[in-house]
Amino acid sequence: MDSFKIKGPSKINGTVEISGSKNAALPIMVATIARPGLYEISNVPDLRDTRTMIKLIEIIGGSISSSNNTLKIDTRYCNNPNAPYDLVKTMRASFYVLGPLLSRFQKASVSLPGGCAWGPRPVDFHLKAFEQMGADVILENGYIQASGKLSGADIIFKVSSVGATGNVLMGCFNLNSQLTIKNASMEPEITDLCHFLVKMGLKIDGIGTKNLTVYPNDSKSSINIKHKIIPDRIEAGTFIAAAVITKSQLTIKNIIISDIKNVLDSFIYIGLKILESSETSITIDFSGEIKKLNISTDVFPGFPTDMQPQWTSVMCLSNVESIVEDRIYHDRFSHIPELIRLGANIKLKNNVVTIYGVDKLKAADVMCTDLRAGAALILAALASEGTTNVSRVYHVDRGYENFESKLRSLGVEICRISS
Ligand code: UD1
């Protein structure tokens, strides 16, 4: 298992180019199964998770070639509506395949994803919605066996869910009556998926809002389309956090400012300065003390749970006390004991963290327990005195393209130790 050695405290300096969004690429890749066709998808980040999704599409019968972050996917001959445990257990987003398989084959056998590092993460909203759409859904030997031609329904999510919204939408090919979703996810990744599904032939009203309507359609014939994945707003937020925690100046390119507004505003509140900004790039600078701001995570356009661990690392070095509450995932705090190993002063109670800022962090051996917890530890390592050894970086490889080479190009002394 690879680890990173990071020498701190470090400054960063220069320009970083943000990769395509992992959480937009994954559903868009798997959506191609829903309708036979030839697809060209660009700006796909080369990550462990996107490689897992390629394997899954190949198991279903698709063929894929990949070059320079562009995937050419041929789903005309898909013939196997089964997603095995070995793949689904390594990546929850594999469960997205259920909707496309039901659209295309009216049947699917998909392993249940199981737990993850921050709790049980159920899929009950997905299953209830497909039942409402007319599917028979049973659990057999750890697999969801679903069958039936899906039809329109009025779906109301009691909690807004990114995955369930995407899965239901991908199940909407060949609907014979209208479908509505209330309390749909408004996350930019779902908006990007909607734009792709429209290119694939769905008519969707309300894109980017909580209320979506999908109209009846006949989508059996083969198509040929192209799409470019949006930039990764969480990677952008992580690099903003890197500039703040190292008190540095940084230019970030290939971003959509409106997608990171809440995160950017939060960092501005604690002292970040914007030196230059356009719709797709920003130059930022941080100097002085990190000021106080309490945050609570929320669905888009709120502060994203996927930035909660990185924000927590930054606030460890504030000179005041602050609070972080995760309202989306109540158990997403496995980074806290590791930050404490680096000298942070943090108390965790239920889903609320109280951070008592310290003057400095000191290097130690720490371990990644999930993707964003890993990012938080790497950020903390940048600001720690001495050489921090961050182990189990395979979690980080799931979601950050070329993280260490991007950091190295900004002047960080970081090296990967393979074992
Ligand atoms: C997606 C993101 C993940 C992010 C999360 C929240 C992908 C691949 N992953 O995960 O990075 O942290 O959104 O922004 O895009 N819930 C249920 N039952 C369900 C589904 C969800 O109770 O069937 C609950 C969850 O436990 C959670 C909340 O709903 O409390 C939101 O989860 P959801 O938006 O579904 O997260 P994911 O799609 O799994």
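This passage looks at the ligand site and at helix α8.

The model is a predicted one, with local features needing pLDDT of at least 70 and side-chain atom pairs counted only at pLDDT 80 or more, while totals for chains, interfaces and linings use all residues. Residues are numbered from 1 along each chain as its sequence is written, and side-chain values use heavy atoms, leaving out hydrogens and water.

The ligand has 19 residues around it, with Asp124, Ser161, Val162, Asp306 and Ile328 coming nearest (a residue is near if one of its heavy atoms lies within 4 Å). By type, this shell splits into 8 nonpolar, 6 polar and 5 charged residues (Ala, Val, Leu, Ile, Met, Phe, Trp, Tyr, Cys and Pro are nonpolar; Asp, Glu, Lys and Arg are charged; the others, Gly among them, are polar). Domain 1 (3-19 + 231-417) and domain 2 (22-228) both contribute residues to the shell, so the ligand sits between them; the domain bounds come from an automatic or database assignment.

Serine 161 has a side-chain N or O atom 2.6 Å from a ligand oxygen, and for aspartate 124 the partner is a ligand nitrogen, at 2.7 Å. The protein buries 84% of the 740 Å² that the ligand exposes when taken alone (Shrake-Rupley method, 1.4 Å probe).

Turning to α8, this helix covers residues 233-245 (helices are DSSP runs of H or I, at least four residues, numbered from the N terminus). All 13 of its 13 residues are buried, that is, under 20% relative accessible area with a 1.4 Å probe and protein chains only. At its N-terminal end, aspartate 232 acts as the cap, with a side-chain oxygen 2.9 Å from the backbone nitrogen of isoleucine 234. Just after the helix, lysine 247 adopts a positive phi of about 55 degrees.

Note on methods: Polar contact = N/O pair within 3.5 Å; in protein donor to acceptor, adjacent residues only side chain to side chain. Helix = DSSP H or I, 4+ residues; strand = E, 2+ residues; numbered from the N terminus. Expected span 1.5 Å × (residues − 1). Buried < 20%, exposed > 50% of the residue type's maximum accessible area, 1.4 Å probe, protein only.
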